[in-house]
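Here are some exercises to work through with the model open in your viewer. Try each task yourself before you read its solution.

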Amino acid sequence: MPLSALTLSSLPATIQTPTYDRTAHAPGVVHLGLGAFHRAHQAMVFDQLLTRGDTRWGIHGVGMTRPDLVNQLRAQDGLYAVRIADAQGVKWQVLGALWRTNVAATERDAVVQAIAAPATRWVTLTVTEKGYTQALGQLLLDGLRLRQQAGLPGITVASCDNLQGNGHKLQALVKAQISSNDTTPQDAQLLRWLDALCAFPCSMVDRIVPAATPEVMAAAQEALGVQDNCALSTEGFWEWVIEDRFADPSDAAVLQSAGVRVTGDVHSYEEAKLRMLNGSHSAMALMGAVTGRPFIASCIGVDHIRTFVHQLMGREVAPHLSRSDWAEYRDALIARFGNPYLKHSVHQIATDSSQKIPQRWPPSVLGQIAQGASFEHHALAAAVFVRYTLGVDENGQPYALNDPQADSLMALGAAQRTEPAACVRALLSREDLWGTTLPHNTAWLARVTHWHQHILQHGVDAAIQQLLAQEA
Ligand code: CS2
């Protein structure tokens with residue numbers, strides 16, 4: 001039997017299920033990007049608010065491209081289970097905040113109408129780093145224009161992707177769809193309306209939510225007694241820090257009451273999270289991909305990788321953060337990475353590395369260079385990235401590069417066995433990855449070249465051990 005509104009009442013009594021009416025109200029939130037992360041993070045915050053009787057937080061969820069997930073969710077009436085598991089315990093919960101669904105690629109008009117619906121108060125986004133395209137800006141603008149023309153209130157449009165200053169980027173993207181054309185008086189009015197009545201807060205979101213696996217679905221069947229094709233697994237920890245900038249200012253207190261941190265200073269949380277958590281994730285993911293270790297937990301469980309990550313954060317990232325409690329943050333991250341319940345695939349995190357590296361590594365390297373300090377850990381991580389572009393691990397197992405830049409990266413990386421130095425130079429010269437300054441830094445180039453050579457000759461593990469011996 002599949003999980004659905006009909007089978008909800010047959011679940012074991014220990015499992016928390018939605019107690020609110022899921023059909024009486026129109027959704028107040030349109031969420032773009034219906035991946036695992038949103039469903040086990042924000043959807044759980046909104047579920048809390050709905051449970052308390054605030055009916056404004058039902059979600060109209062929009063899958064950007066893939067119809068399969070949306071079809072599965074529809075077949076389950078938008079219901080799915082989340083396993084929350086770590087050293088503190090294991091608990092299952094069925095979420096009911098998802099009230100409607102669409103696929104942007106095939107049902108664009110329905111999405112525009114959802115943004116323009118009178119009940120909509122928020123649009124939230126987790127469309128990944130590569131999702132910030134003109135098409136996205138235009139989709140949002142079309143919905144917002146309809147609102148303005150209908151005389152409806154402005155809304156809060158919150159980017160929740162792993163990008164520094166994500167709210168500013170999104171606002172600029174939406175507005176660019178107007179100013180790139182000749183501005184008519186109507187356009188000028190729309191721009192004024194956007195500035196005055198809509199809010200684009202920056203936000204930092206954090207929870208480790210691996211993509212769904214058959215193993216989690218089997219565990220869901222066991223725990224629920226029904227089949228759930230959309231079941232997810234996550235950790236107990238979650239954090240959502242959002243800038244105090246809302247179309248409806250009273251939302252600040254509402255979100256705070258559900259455990260969200262509302263602040264004027266998202267920046268210090270964003271930079272710490274991107275460079276410490278995500279920066280370490282990318283380094284471990286690439287190391288795991290090249291050495292044949294499948295999960296983040298299998299990487300952090302190896303002594304020399306754990307020490308490497310500890311030092312990367314403490315010595316090369318922390319000195320440039322404005323968040324002062326970084327040592328506790330680092331130690332908590334190491335424990336989270338080791339969570340045995342999270343089978344977080346290294347290849348999932350290595351996906352789109354070309355879009356992730358720019359936020360995660362260069363700011364720390366530049367900070368170290370400015371202080372005349374060592375950037376060896378980042379240089380080694382960059383060398384592992386170069387090695388990763390070969391598309392075959394150290395055991396001879398091939399893997400696919402899942403990246404919008406896969407073709408160009410593999411073309412540049414192909415020559416690394418025969419002309420390693422030229423290959424490193426070519427990959428490090430790319431400003432889309434490293435920014436405008438690093439490609440001209442000869443010391444950076446020299447150290448990445450050094451570690452790359454070491455990796456080709458002795459392997460990634462030996463290179464890490466050599467680095468630890470040298471930096472002891
Ligand atoms: C990961 C993130 O896939 C990735 O790139 O680094 O999804 C990470 O798990 C989340 O940002 C944690 O909050």
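**Exercise 1. A bridge partner**

Which residue in β4 is the bridge partner of A85?

*Solution.* Keep in mind that you are looking at a predicted model. Begin with the pair of strands: β3 covers residues 80-86, and seven bridges join this strand to β4. The two run antiparallel, and the hairpin between β3 and β4 has two residues in its connection. Now follow the ladder to A85, and you will find V90 as its bridge partner in β4. Elsewhere on the ladder, V82 stands opposite Q93 in β4.

**Exercise 2. The whole sheet**

Work out the strand order of the sheet with β4, β3 and β9, and say which strands stand at its edges.

*Solution.* Step one is the order, which reads β4-β3-β9 in an open sheet of three strands with mixed pairing. Step two is to count partners: β4 (89-95) and β9 (232-234) each have a single partner strand, so each is an edge strand with one side left without a neighbour in the sheet. Step three is the twist, which averages 25° from one strand to the next.

Next, look for helices on this sheet. Helix α2 (residues 42-51) packs on it and touches β3 and β4, with a direction about 70° from that of β4. Helix α8 (residues 214-224) also packs on the sheet, where it touches β3, β4 and β9, and its direction makes about 85° with that of β4.

**Exercise 3. Two domains**

Find the bounds of the domains and describe their contact.

*Solution.* The protein chain divides into domain 1 (8-263) and domain 2 (267-471). Their C-alpha centres lie 31 Å apart. To the contact, domain 1 gives 30 residues and domain 2 gives 26 residues.

**Exercise 4. Classifying a helix pair**

How do α10 and α15 lie relative to each other?

*Solution.* Take the geometry to start with: helix α10 (residues 267-291) and helix α15 (residues 353-360) pack at an angle of about 140°, and their axes are 9 Å apart. Roughly antiparallel requires an angle over 145 degrees, and α10 and α15 are therefore oblique. Their crossing is left-handed.

Then list the contact. From α10 come L274, R275, N278, G279, H281, S282 and L286, which meet S353, K356, Q359 and R360 of α15. Sorted by class, this contact holds two nonpolar, six polar and three charged residues.

**Exercise 5. A chain of helix contacts**

Describe how α19 packs with α18 and with α21.

*Solution.* Start with α18 (residues 406-413): the axes of this helix and α19 come within 8 Å and cross at roughly 150°. The two helices are therefore roughly antiparallel. L409, L412 and G413 of α18 meet C423, A426 and L427 of α19, and the residues of this contact divide into five nonpolar, one polar and no charged.

Now turn to the other partner. Helix α19 (residues 420-428) and helix α21 (residues 442-458) pack at about 130°, with axes 10 Å apart. That angle makes α19 oblique to α21, and the crossing is right-handed. On the α19 side, the contact uses P420, A421, V424, R425 and L428, while α21 brings W444, L445, V448, T449, H452, Q453 and L456. By class, the contact of α19 with α21 has eight nonpolar, three polar and one charged residues.

Definitions and conventions
Residues are numbered from 1 along each chain as its sequence is written. This is a predicted model: local features need pLDDT of at least 70, side-chain atom pairs count only at pLDDT 80 or more; totals for chains, interfaces and linings use all residues. Side-chain values use heavy atoms; hydrogens and water are left out. Two strands pair if DSSP finds at least two bridges between them. Helices (H or I, at least four residues) and strands (E, at least two) are DSSP runs, numbered from the N terminus. Axes are lines fitted to C-alpha atoms, for helices over the stretch in contact, and angles run from 0 to 180 degrees between N-to-C directions. Contact means heavy atoms within 4.5 Å. Angles under 35 degrees count as roughly parallel, over 145 as roughly antiparallel, 65 to 115 as roughly perpendicular and the rest as oblique. A crossing is left-handed if the near helix is turned anticlockwise from the far one by less than a right angle, and right-handed if clockwise. Ala, Val, Leu, Ile, Met, Phe, Trp, Tyr, Cys and Pro count as nonpolar, Asp, Glu, Lys and Arg as charged, and the others, Gly among them, as polar. Domain bounds come from an automatic or database domain assignment.
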